[in-house]
Amino acid sequence: MTDLATLAQQTLARLGAQDPFHDDGDLIVRTPIDGSELGRLRSHTPADVDDLITTAQEAFTAWRTVPAPERGALVREWGNLLREHKDDLGTLVTLEAGKIPSEGAGEVQEMIDICDLATGLSRQLFGLTIASERPGHRMMEQWHPLGVVGVITAFNFPVAVFSWNAALALTCGDPVIWKPSEKTPLTALGTLALLEQAARRVGAPAGLGAVLLGDASVGQVMVDDERVPLISATGSTAMGKKVAPRVAARLGRTLLELGGNNAAIVAPSADLDLTVRGVVFSAVGTAGQRCTTLRRLIVHADVKDELVERLKSAYETLPIGSPLDGGTLVGPLLEEVSAERFTAAIDRATADGGTLITGGERVPGPGSGVYVQPAIVDMPAQTEVVRTETFAPLLYVLTYTDFDEAIALHNGVTQGLSSSIFTRDVLEAETFLSATGSDTGIANVNIGPSGAEIGGAFGGEKDTGGGRESGSDAWKIYMRRTTNTVNYSRELPLAQGVEFG
């Protein structure tokens with residue numbers, strides 16, 4: 001057993017997870033840090049999935065009758081346990097996803113934050129009182145628990161995205177069944193162990209949370225089950241286009257968080273010191289493996305040369321290596337195929353007339369870990385490769401001279417997740433945020449597109465799927481709405497002046 005495998009087992013034990021490993025397990029868990037095996041798990045069968053959904057449905061019949069503030073108490077207790085075990089769960093994120101420790105801990109902090117938000121929300125699940133056109137009548141709307149929620153998550157945010165869904169769903173009265181990426185199942189098991197502890201502490205029903213282990217076929221069983229009225233799926237656009245029609249065929253709901261091809265416009269008035277810091281983090285954080293990673297930099301011709309030179313200097317001093325080494329800022333890619341796609345995209349870009357400014361090479365790392373030097377490519381036009389998301393630290397630079405041209409370049413991709421502009425010009429900033437500006441779900445001014453606070457709704461348009469998670473009114477997707485009309489008169493007037501007598 002490797003040192004990292006021992007660390008994973010010890011960390012799971014501290015989180016209260018029962019030993020999940022089986023020597024004959026079919027699901028091999030590896031760390032991207034050095035490619036070593038962390039352990040083997042057994043995948044669930046279709047019969048297992050059926051049993052878990054049955055258990056969750058039984059839990060729903062009890063949980064939906066619990067007052068919402070009491071449901072919030074469960075989420076509050078879960079958040080307290082996450083605070084207590086922040087370092088442990090962050091360690092698992094680093095081991096399975098390859099994130100540097102501060103990013104791993106930051107992801108757990110997102111979980112804590114959404115638990116805080118959901119706890120407060122438990123006393124704010126309100127509808128409206130609506131004026132009726134009929135005398136002696138009152139109209140109102142109520143929100144009721146929806147049912148079992150299925151959550152599918154990707155490797156790059158192995159715990160935060162689940163918590164965005166789970167904290168709200170549990171507060172709204174819904175059990176959750178979680179199909180994590182087969183690349184990051186240990187973080188899921190550790191998270192579930194804490195949720196189960198919280199449920200026992202507050203006396204909540206058993207079966208409010210469950211984890212499905214296995215590949216896409218396991219998730220497909222859940223996706224097709226009519227007892228799961230909502231499927232929240234995070235991943236590639238290709239994955240979403242498979243999930244959505246299957247759920248639609250049974251008239252279920254989907255919440256889709258799919259691909260991104262995020263851009264930042266850099267105007268002539270931009271503060272370049274601020275811009276460099278914002279661009280570098282957004283483009284190379286998590287080794288470019290965020291859905292909100294900055295992939296296209298649209299720079300005004302007047303400041304392009306200076307900005308590119310400063311970015312080149314910053315890129316060439318980035319500490320790359322094991323996230324367990326102090327000072328590392330860029331960790332590993334998930335696997336070998338990620339590096340192959342990175343290299344292929346650079347080759348395609350240069351074939352299209354692009355110029356490689358810096359980076360693109362493989363970097364030695366521990367074991368068989370996959371490490372690369374983040375790359376910048378100056379492109380003469382927004383070609384097909386630029387319009388395609390490459391999940392790696394690859395930044396394309398495009399040049400503009402007219403603001404309308406910049407907006408057209410920005411919006412000229414099929415994805416619509418996140419965006420930003422660096423400018424001191426209030427007219428440009430407000431235009432970027434207006435209906436004729438950025439067409440993404442998230443639009444920022446003087447910060448990069450990567451990273452989001454839980455208070456706002458997270459999600460995007462076009463091929464990003466249209467879903468919204470986390471803050472604002474995202475809770476409504478986890479509930480069903482009823483419109484009620486109460487007649488407190490002795491008459492029976494009909495709407496729209498209809499006479500029937």
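**Helix packing, a salt bridge and a three-strand sheet**

Biologist: Is the crossing of α4 and α5 left-handed or right-handed?
Modeller: The handedness depends on how the near helix is turned from the far one by less than a right angle, anticlockwise being left-handed and clockwise right-handed. This is a predicted model, in which local features need pLDDT of at least 70 and side-chain atom pairs pLDDT 80 or more, while totals for chains, interfaces and linings use all residues. Residues are numbered from 1 along each chain as its sequence is written, and side-chain values use heavy atoms, without hydrogens and water. For α4 and α5 the crossing is right-handed.

Biologist: How are α4 and α5 placed relative to each other?
Modeller: Helix α4 (residues 86–97) and helix α5 (residues 101–121), both DSSP runs (H or I, at least four residues; strands are E, at least two), pack with their axes 8 Å apart and at an angle of about 125°. Angles under 35 degrees count as roughly parallel, over 145 as roughly antiparallel, 65 to 115 as roughly perpendicular and the rest as oblique. The two helices are therefore oblique.

Biologist: How many residues of the contact of α4 with α5 are nonpolar?
Modeller: On the α4 side, Lys86, Leu89, Gly90, Val93 and Thr94 take part, and they meet α5 residues that include Pro101, Val108, Met111 and Ile112, a contact being heavy atoms within 4.5 Å. Four residues of this contact are polar and two are charged, and the nonpolar ones number seven.

Biologist: Which residue forms a salt bridge with Arg227?
Modeller: A salt bridge here is a Lys or Arg side-chain nitrogen within 4 Å of a carboxyl oxygen of Asp or Glu, and the partner's closest O atom is 2.8 Å from an N atom of Arg227. Arg227 lies in the loop between α8 (216–223) and β8 (230–234) and its partner in helix α2 (residues 46–63), so the pair ties together parts that are 177 residues apart in sequence. That partner is Asp50.

Biologist: Which strands stand at the edges of the open sheet?
Modeller: Three strands form the sheet in the order β3-β4-β21 with antiparallel pairing, where a pair needs at least two DSSP bridges. Strand β4 (residues 137–145) pairs over two bridges with β3 (residues 129–130), and over nine with β21 (residues 479–487). Each edge strand has a single partner, so one side of it is left without a neighbour in the sheet; these strands are β3 and β21.

Biologist: What is the bridge partner of Met139 in β21?
Modeller: Within β4, Met139 is also the bridge partner of Ile130, while Met140 stands opposite Thr129. In β21, the bridge partner of Met139 is Thr485.

Definitions and conventions: Axes fitted to C-alpha atoms, helices over the stretch in contact; angles between N-to-C directions. Nonpolar A, V, L, I, M, F, W, Y, C, P; charged D, E, K, R; others polar.
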